[in-house]
Amino acid sequence: MFQSFEVTSAPQFGKERVNVLRAAFAGLNIDGFLVPRADEFQGEYVPKSAERLAWLTGFTGSAGIALITQEQAIVFVDGRYVTQLKEQVDGTVFEDGDLVGEPPHLWLEHHGKKGFRLGIDPWLHTGAEVRKLQKALEGLGGTLIFLDHNPLDRQWADRPAAPLGRVKIQPLDHAGVLAKDKLETMAQEVAKADASAVVLTDPSSIAWTFNIRGSDVPHTPHPLARAIVHADGKAELFLDKRKTGIEEEAYLTQLSSLEAPASFDDRVAALAATGAKIMIDPEHAPFALAERIRISGGTVIDAIDPARLPRARKNGAELEGSARAHLQDGAAMVEFLAWLDGTHAETVTEIAAVEKLEACRVAVGERMQNPLKDISFDTISGADEHAAIMHYRVTTESDLAIADGTMFLIDSGGQYVNGTTDITRTVAIGTVPEEQRRYFTLVLKGMIAISVARFPKGSRGVDLDPLARIALWKAGADYAHGTGHGVGSYLSVHEGPQRISRASTQELLPGMILSNEPGYYRPGAFGIRIENLVHVLEPSPIEGGDLPMLGFETLTFCPIDRRLVVTSLLTDEELTWLNAYHAETREKLSPLISDEKALEWLKAATAPLKR
């Protein structure tokens, strides 16, 4: 199994650990300390050795930060994790904080004491984060203190060792472009910026640039590594050789020098000492890196990671691979949903559903000779009221039976060598209340609106986001998450800079893959989400129009539960789209289904809907 269901509750030693941390403040000359979820690589997933926030507080969500002062201990999370925070963290020790409405820098502005001295580990915070904290503290007459060691690490006696996950070469037929060509293009960008070099700190950028994949963290196949790419085309890759075999080492040494990770700091300092102008991404690089460059005599050039946008714009091979991966994944979903539909209600639990879906993905992968490498994130398997928790993570303690007369939400994905998938389906278990069918249809209307959208060059995610919400808004409802996130090519399931959300100002460009996932959640009652992945198409003319328009092509094929659709709420265009989508789903997936019962289920699940 790729997913664990172990119960993670408030740590037995939470109070003790906080008190030991506080006891170190006097020697460090600080009044408080920040403990982020992030590691030195700023990734969504971190290795066991970097789970400092979980070790201190018990909270295991993918976004959060703790502020520890002598008087208070606050854990800041966003709306996805409010329920999880209450379940995992000792409320007698830690207070709840709002990561969106009042993150630490705003909390300090509103509640910090005059002269407050805040300590941070500068390797765990980006330059952008540091600037916000400094501004907040300046208003208090306070100071941000950059510590030369992390005090948590000194008290974490049984801290796991850093990972040594094996690195594999990503074949050219999946990568689409040779690594040497990517490095040449990157070097040209560095020279164009009048810089000496760029430092790559995002492991996904390392993986994409060098056409390698790793296994250092759960669910995201990138290696924890850094690189320096020089304007003259030379490259240095800071990757532990114990992660490579003979073939991988031979491949990488043709592209760059292979350096020990421990030498990275000194190498950057030596380069800076020559007066070099060095590009780094302030949104993703640790603040300590920029400081090291400045202190050593170099010049920092703030620039977007040069791999970030090209990585987001998938080439033909990546798009073709993703399409194939989604068809395979769709076949696994059909076999799972057919099994779920044919199993007596209340004999299946949330965990049993996760295990069955994973087994289907494994079986289809073996049959199609394209094995499941990993899940792309911990599956969200929510029955009844659990579906209303947007990022619910089932454990042995919370596991519910999927009861008759309720809706069941399952949000999951797979990592395949040719693509990353992410799909959510909400299905009826028996007959559900008419109100729930109504909200399901309103969510579906939003998903269809994104699917059929046409938009001019220059449009951003923020411009499209209202299309997915308008039907819900008219009903006096909304959802508290973005409509879509970027997705990598056998990389992170949450990839930037592309998004469809209220805050996304990134232009949507051809080749970008995004999720399309509106939802509705009624706490304590039910939750709905319908999600497909789409990719941005090149602009094309519209008959009678003045401008060529971009649009989306759907990658995900899997039935949408017809039983939950109130056809009277759909326009003719929406009903036509749904029937056409189901016809295409049936055509594409039928040849991939080996089980006769599942095939019959697919035919019934994709039959045309009529008013």
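This is a working chat about strands, pockets, helix packing and backbone geometry in a predicted model.

User: Let's start with β1, is that strand buried or exposed?
Analyst: With the caveat that this is a predicted model, strand β1, residues 32–36, has five of its five residues buried, so the strand is largely enclosed by the rest of the structure.

User: And which residues sit on each side of β1?
Analyst: Gly32, Leu34 and Pro36 are on one side, while Phe33 and Val35 are on the other, and since both sets are all buried, both faces of β1 are covered.

User: What does β1 pair with, and in which sense, parallel or antiparallel?
Analyst: β1 has a parallel pairing with strand β5, residues 117–120, through two bridges, and an antiparallel pairing with strand β2, residues 65–69, over five bridges.

User: Which residues are the partners there, say for Phe33 in β5 and for Gly32 in β2?
Analyst: Phe33 has Gly119 as its bridge partner in β5, and on the β2 side the residue that stands opposite Gly32 is Thr69.

User: Switching strands, how many residues of β20 are buried?
Analyst: Seven of the seven residues of strand β20, which spans residues 423–429, are buried, so β20 is likewise largely enclosed by the rest of the structure. Ile423, Arg425, Val427 and Ile429 point one way from the strand, Thr424, Thr426 and Ala428 point the other way, and all of them are buried.

User: Which strand is β20 paired with, and over how many bridges?
Analyst: β20 pairs with strand β17, residues 406–412, in the antiparallel sense over seven bridges, and within that pairing Phe408 stands opposite Val427 of β20.

User: Pockets next. What volume does the second largest pocket have, and which residues are closest to its centre?
Analyst: The second largest pocket has a volume of about 910 Å³. Its lining has 36 residues, and those closest to the centre are Glu40, Trp123, Arg226, Pro261 and Phe264.

User: Which elements give two or more residues to that lining?
Analyst: Those elements are α12 (264–273) and α13 (287–295), with α13 giving the most to the lining of the second largest pocket, namely five residues.

User: How does the lining of the second largest pocket divide by class?
Analyst: The lining of the second largest pocket divides into 19 nonpolar residues, 14 charged residues and three polar ones.

User: What about closed cavities, how many of 30 Å³ or more are there?
Analyst: The count comes to three cavities of 30 Å³ or more, and the largest cavity has a volume of about 40 Å³. Its lining includes Val198, Val199 and Leu200 as well as Asp202, Asp281 and Asp305, and strand β8, residues 197–200, provides the largest share of that lining with three residues.

User: Which classes make up the lining of the largest cavity?
Analyst: The lining of the largest cavity has seven nonpolar residues, three charged residues and one polar residue.

User: On to helices, at what angle do α9 and α10 cross?
Analyst: Two packed helices are described by the angle between their axes together with the distance between the axes. The axes of α9, residues 179–192, and α10, residues 203–210, cross at roughly 120° and come within 7 Å. The contact involves Ala179, Lys182, Leu183 and Met186 from α9 and Trp208, Thr209 and Phe210 from α10, and by class it has five nonpolar, one polar and one charged residues.

User: Where are the residues other than glycine with positive phi, Asp194 and Asn211?
Analyst: Asp194, which has a positive phi of about 60° although it is not a glycine, lies in the loop between α9 and β8. Asn211, whose phi is near 55°, lies in the loop between α10 and β9 (212–213).

User: Why does Asn211 count as buried?
Analyst: Asn211 counts as buried because its relative accessibility is 4%, and the cut-off for buried is under 20%.

User: Which residues does the cis peptide bond join?
Analyst: The cis peptide bond joins Gly496 and Pro497, with omega at about 10°, and Pro497 lies in strand β23.

User: Last one, where is Ala503, and is that residue buried or exposed?
Analyst: Ala503 lies in the loop between β23 (495–500) and β24 (513–516), and at 60% relative accessibility Ala503 counts as exposed. Its C-alpha atom is separated by 22 Å from that of Met549, which is 46 residues apart from Ala503 along the chain.

Note on methods: Residues numbered from 1 in each chain as written. Predicted model: local features only at pLDDT ≥ 70, side-chain atom pairs only at ≥ 80, totals over all residues. Heavy atoms only, no water. Buried < 20%, exposed > 50% of the residue type's maximum accessible area, 1.4 Å probe, protein only. Helix = DSSP H or I, 4+ residues; strand = E, 2+ residues; numbered from the N terminus. Pairing = 2+ DSSP bridges. 1 Å grid on protein atoms, 1.4 Å probe; cavity = no way out; pocket = protein on both sides within 12 Å on 5 of 7 lines; lining within 4 Å. Points joined across faces, edges and corners; volume = space filled by probe spheres on them. Nonpolar A, V, L, I, M, F, W, Y, C, P; charged D, E, K, R; others polar. Axes fitted to C-alpha atoms, helices over the stretch in contact; angles between N-to-C directions. Contact = heavy atoms within 4.5 Å.
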